[in-house]
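User: Hello! I am new to this structure and would like to know what stands behind the words people use for it. Could you show it to me and take my questions?

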2 protein chains.
Amino acid sequence: MDAPYLLFLGDARDDLAAKSARGVLIWRPEKCLGQMSLPGCKTTMGLPEMTPEQAAAKGARTFLIGVANAGGFIPETWVEPSVRALAAGLDVAAGMHTRLTDIPALAAAAAKHGRRLFDVRHPSRDFAVGKGSKRPGKRLLTVGTDCSCGKMFTSLAIEKEMRGRGLNAVFRATGQTGIMIAGDGVSVDAVVADFISGATEWLTPDNAADHWDVVEGQGSLFHPSYAGVTLGLIHGAQPDALIMCHEPTRQHMRGLPDRPLPSIAACIEATLGAARLTNPAVRMIGISMDTSRLDEAAARKALGQAAETTGVPAVDPLRTGVAPLVDRLTA
Amino acid sequence: MDAPYLLFLGDARDDLAAKSARGVLIWRPEKCLGQMSLPGCKTTMGLPEMTPEQAAAKGARTFLIGVANAGGFIPETWVEPSVRALAAGLDVAAGMHTRLTDIPALAAAAAKHGRRLFDVRHPSRDFAVGKGSKRPGKRLLTVGTDCSCGKMFTSLAIEKEMRGRGLNAVFRATGQTGIMIAGDGVSVDAVVADFISGATEWLTPDNAADHWDVVEGQGSLFHPSYAGVTLGLIHGAQPDALIMCHEPTRQHMRGLPDRPLPSIAACIEATLGAARLTNPAVRMIGISMDTSRLDEAAARKALGQAAETTGVPAVDPLRTGVAPLVDRLTA
C-alpha cells in the first residue's frame, strides 16, 4: 500500500467504528494526508476534510477505508466514494470480510483506471505449512489473557521504543488494522487453518542476528473461539520473548459473557509451555496492561500487583511507557 | 454423497496412494460396488473392475476418486473418466487440494448432465466462531502424539464397537478420507483459521444425553505445523473422553526429520490441560497404538508399558480390538 493515505471515515456511528483509521493516524501520522467523512459521521481524525480529487491533487496514493460496521460488509454508500477515488488515481484498501474485488462496480473501476484494490484481511498468496525449525534473527510476540486487550498497541509501542534506541526492530502485522498501519502483513485469522504457523513463518523470515521482529499477537490460548489461531501464531513466530497483555477491568472473555478471564499467571504458564515447542529458550519479559478504565491510583496498584505476582515488569504503554520491557529485552 | 460408489484408483503408484479408497472399502464395504483402474495402476481393492457406464447400470451413484498424488492436484488422465462418470449419471467426489469445480471440463459436464461435484476437502458452507459453551450429548475425541498415527482408524473402530453394543454413537469426520467414509463431515484443516472451533461445534451439535459423537482428531499439540488445528478441534469438540493415539516405531514427527516425538505422558498432560478449557470433566480413557510394524511380542510389550506408565488401558484396534476402551467409557 502506497502512502500517503486519504482516510475514509464513512458514516462512522462512533469513535470505535473508525478504529482502523485512528490506529493508522496514531502510529503512522506521517502517512495520513486527510480524511473524508459522509453525512452523519460521528467521529473525526482532526485531519483536513478532502474529496478524493483534492487528496489526489495533494499527492495521496491510497483511499483507506478506516471504518468498520457490525456485519463486516461494505454498504452501498461507501462504494460511490471508492469509485471516485479509483477514478482520481488512488488505490483503495479495506479490511472487511467482504472483498472489494467482489464488488462489481469497484472491480470495474479499478480495471478501467488501472488502480489496485487491497483486501488486507484476505491473504493474497499461498503459504507452505510451518516447519518449526529455528530461524536466525530474534522475535518478540505479544500474547494476551483475552482478545482486544492491547497486543497491537503494545507491539507498536515496543517497536517505537526499540527504534528510538537505535535497535533493529520491525513491527509485523497479523490483523487488519495492524496491516493498514504497517502497510503489509498477514491476517493470520483469515488463512486456511493448516497454514497458520506457516504464514507466520513467512511473515517473520530468517534475519540478521541483531534483528527483532515485533510480532502482533492474536486472541488468547484461553479464548475457546480463537485459541487455535493463537497457538499456530505462537509456534510460527517461535518467539525469543513474550509480553503478556491484559485489560484489568474486563469482566469476561470477549464475546462470551459466561466465561471468566484466566489469571495472568495461568496464562503465562500455558503460553510459555506452548511456545517452548519451537523455542525452548523463550522468556516472558513483562506484562502490558491497558489501564485506561482505572484512575491513577488503581492503575498503579494493578501494575504493582501484576509485577509482584509474576516477577516481571508490568507497564501500561500509554501511562508508563514500555521502556522497562525493552530494558529487559536488551539486558 | 449418495452410495453405492464406484471407487476410482487411477494410476495409483502403490497401496498408500489409494488410501482413501481403501478406507472407504474397509469401513463401508456395503457402499462399494466396484473399482475402476487406469493402465499402470499398482494397487487393487479386489472389487469387480467396471466402467462408469457399467457401474451406473448396476446402481452406482457416486464416482469416488479414492487416489491421491504428491501435489494434491487432479491430473489430466483422471479428468476423462470423471467426465464419463458424470455423463453416465454419477456424481463425482474427490478430496484433493484442487477443486473439481475449478476444472472447466468437469464443471461443464456436471452442469450439462445435472450431476454434483463434491470437493470434500473444501468447506461448502460458512461457519460461526466457536462459543465454547457446554452442549448436551457426549463426545469422544481421538488425539495423538503425531499426525497419521491412527486417529481416524481408532475413531471408526470405537464407533463400530459402540454400535455393536447397541450404544448411540456416530463417527464425525474431520479429514478428507473420513468424510468419504462417513459421507459427510468437515475437513477442519481447510476452514478459515478463525472458525476451527466453530466448525467443530457445528459438526458435533446438541444431542441426546446418551448420544456419543466419536470425533476424528487431527494433528498433535506437539506438531508445530498443525497444532493450531488440533487445539481448535479440541476446544470445539469439548470432549468428555479422549483417546491418545501413538505409533511406537515413529522416529520423528511426520515431515520434520529433526523433531523427536513427545512422550505419551507429556502429550496426555498437555492435551488434557487444553481440553479442560471447554470441558473441565474431560477424561483420558486410553491409548490406541498402531503396532503393525512390531512383532507380537514387541507389540504386547509396547502396549503393556504404555498402560503401566499412563494408568489407562492401551490397545491396538487391529491386534487387540478396542473393547477395553469402550468398557472404560461405559463404566
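Analyst: Ser148(A) lies in the loop between β6 and α5 (151–164) of chain A; helices (H or I, at least four residues) and strands (E, at least two) are DSSP runs, numbered from the N terminus. This is a predicted model, in which local features need pLDDT of at least 70, side-chain atom pairs count only at pLDDT 80 or more, and totals for chains, interfaces and linings use all residues. Residues are numbered from 1 along each chain as its sequence is written, while chains are lettered from A and ligands numbered from 1 in the order in which they are written.

User: What makes the phi of Ser148(A) worth a remark?

Analyst: Most residues other than glycine have a negative phi, and most peptide bonds are trans. Ser148(A) is a residue other than glycine, yet its phi is positive, near 50°.

User: Which peptide bonds are cis, and how do you know?

Analyst: Omega tells us: the bond from Ala3(A) to Pro4(A) has omega near 0° and is cis. The bond from Ala3(B) to Pro4(B) is also cis, with omega near 0°. Pro4(A) sits in the segment before β1 (5–10) of chain A, and Pro4(B) in the segment before β1 (5–10) of chain B.

User: How do you know what confidence the predictor has in chain A?

Analyst: pLDDT is the predictor's confidence in each residue, from 0 to 100. For chain A the mean is 96, and 100% of its residues reach 70 or more. For the complex, the predictor gives an ipTM of 0.94 and a pTM of 0.95.

User: Why are β7 and β11 of chain A said to stand at the edges?

Analyst: Two strands pair if DSSP finds at least two bridges between them. In chain A, an open sheet of six strands has the order β7-β8-β6-β9-β10-β11, with parallel pairing. β7 (168–172) and β11 (314–315) of chain A each have a single partner strand, so one side of each has no neighbour in the sheet. For β7(A), five bridges lead to the parallel strand β8 (residues 211–215) of chain A, and Asn168(A) stands opposite His211(A) in β8(A).

User: What makes the crossing of α5(B) and α11(B) right-handed?

Analyst: A crossing is left-handed if the near helix is turned anticlockwise from the far one by less than a right angle, and right-handed if clockwise. The crossing of α5(B) and α11(B) is right-handed, so the turn here is clockwise. Axes are lines fitted to C-alpha atoms, for helices over the stretch in contact, and angles run from 0 to 180 degrees between N-to-C directions. Helix α5 (residues 151–164) and helix α11 (residues 323–330) of chain B have axes that come within 10 Å and cross at roughly 65°. Ile158(B), Glu161(B) and Met162(B) in α5(B) meet Ala323(B), Leu325(B) and Val326(B) in α11(B).

User: Why is the relation between the chains called a two-fold axis?

Analyst: Copies are superposed by least squares on the C-alpha atoms of residues with pLDDT of at least 70 in both. A turn of 180° with a shift of 0.0 Å along the axis lays chain B on chain A with an RMSD of 0.0 Å, and that is the relation of a two-fold axis.

User: How do you know that the copies meet through the same surface?

Analyst: Residues are in contact if their C-beta atoms, placed from the backbone, lie within 7 Å. By that test, 30 residues of chain B touch 30 residues of chain A. Since 100% of the interface residues of chain B are also interface residues in chain A, the copies meet through the same surface.

Technical notes
Contact = placed C-beta atoms within 7 Å.
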